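Let's walk through this protein together, one step at a time. Keep the picture open as you read, and try to find each part as it is mentioned.

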Amino acid sequence: MQDKREERTLTAMENRLRQEGFKIDFNVADGRLTTIEQDNDRPRSWAAADVRIVDFYRFEGESNPDDMAILYAIETVDGTKGTISNSYGTYADADTDTFILEVENLGKNLDKAVK
């Protein structure tokens, strides 16, 4: 059984998500979700409308509030699964924040359309 304290770390959660099939590392470039190049693979990218946030996990620094981060489990329309993380506050990446907000807003609009 894994220690609950260990499960609360960003690295431990990334490892667990990899075991669940979220194996791709994403970043945001030019307003699109993009794969981080690995093993000579060509990077792929998706617009916000082609991305769904499956889940997210917040992490707070034990001694320093600057260590706060959020990890998103992402799935794209073609079934590609991976993760992207971002910091809170001054250290947050503005492009990632903007993209994630767009994905969240699109999801909210879809929820309204279904009801």
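Starting from the N terminus, the elements of the protein chain follow the order α-α-β-β-β-β-β-β-α. That comes to three helices and six strands. Keep in mind that what you are looking at is a predicted model. The chain has 115 residues, and buried residues make up 27% of them. Its accessible surface is about 8000 Å², and carbon and sulfur atoms account for 46% of that. Among contacts with a separation of 6 or more, 46% are between residues 24 or more positions apart.

Now look for the sheet. Strands of a sheet pair through backbone hydrogen bonds, and they can do this either parallel or antiparallel. Here the six strands form an open sheet in the order β3-β2-β1-β6-β5-β4, with mixed pairing. The edge strands, each pairing on one side only, are β3 and β4.

Let's cross the sheet from the β3 edge. Strand β2 (residues 32-35) pairs with β3 in the antiparallel sense, over two bridges. On this stretch, T34 stands opposite S45 in β3. The next pairing, between β1 and β2, is antiparallel too and has four bridges. Here A29 stands opposite R32 in β2. These two strands form a hairpin with two residues between them, and in its turn D30 has a positive phi of about 55°.

Which way do β1 and β6 run relative to each other, parallel or antiparallel? They run parallel, joined by two bridges. If you find D25, you can look across to its bridge partner in β6, T83.

Further on, seven bridges join β5 to strand β6 (residues 81-87), and these two run antiparallel. One bridge to look for links I70 with N86 in β6. The hairpin of β5 and β6 has four residues between the strands, and G79 there takes a positive phi near 90°. Finally, strand β4 (residues 51-59) pairs with β5 over eight bridges, again in the antiparallel sense.

It is worth pausing at β5, residues 69-76. Seven of its eight residues are buried, so this strand is largely enclosed by the rest of the structure.

Next, turn to the aromatic rings. A pair of aromatic rings is described by the distance of the centres and the angle of the planes. How many aromatic pairs does a search of the whole structure find? There are two aromatic pairs. One is formed by F26 and W46, which meet edge-to-face, 5.8 Å centre to centre and with 90° between the planes. Because F26 lies in strand β1 (residues 24-29) and W46 in strand β3 (residues 45-46), the pair ties together parts that are 20 residues apart in sequence. F26 is buried, with a relative accessible area of 4%, and W46 is buried as well, at 6%.

The other pair is F56 with Y72, which is tilted, with 6.4 Å centre to centre and 40° between the planes. F56 lies in strand β4 and Y72 in strand β5, so this pair ties together parts that are 16 residues apart in sequence. You can also find these two in the sheet itself, where F56 stands opposite Y72 in β5. Are the two rings' residues buried or partly exposed? F56 is partly exposed, with a relative accessible area of 40%, whereas Y72 is buried, at 9%.

A ring can have a charged neighbour as well: K81 lies over the face of F22, at 5.0 Å from the ring centre.

The last stop is the nonpolar interior. In soluble globular proteins, nonpolar side chains tend to be buried together. The largest nonpolar core has 13 residues, of which F26, L33, V51, Y72, I74, I84 and F99 touch the most other members. The elements giving two or more residues to this core are β1, β5 and α3 (94-114). Apart from it lies another core of seven residues, including M13, L17, F22 and F59.

To see the larger core from one viewpoint, centre your picture on I84. Leaving aside neighbours within four places in sequence, I84 has contacts that include F26, L33, I70, Y72, I74 and I100. Two of the residues in that list, F26 and Y72, may look familiar: F26 is part of the edge-to-face pair, and Y72 belongs to the tilted pair.

Methods. Residues numbered from 1 in each chain as written. Predicted model: local features only at pLDDT ≥ 70, side-chain atom pairs only at ≥ 80, totals over all residues. Heavy atoms only, no water. Buried < 20%, exposed > 50% of the residue type's maximum accessible area, 1.4 Å probe, protein only. Pairing = 2+ DSSP bridges. Contact = heavy atoms within 4.5 Å. Areas by Shrake-Rupley, 256 points an atom, 1.4 Å probe, with all protein chains shown as cover. Phe/Tyr/Trp six-rings, centres within 6.5 Å; stacked < 30°, edge-to-face > 60°. Lys NZ or Arg CZ within 6 Å of the ring centre and 35° of its normal. Core = buried A, V, L, I, M, F, W, Y, C linked by side-chain atoms within 4.5 Å.
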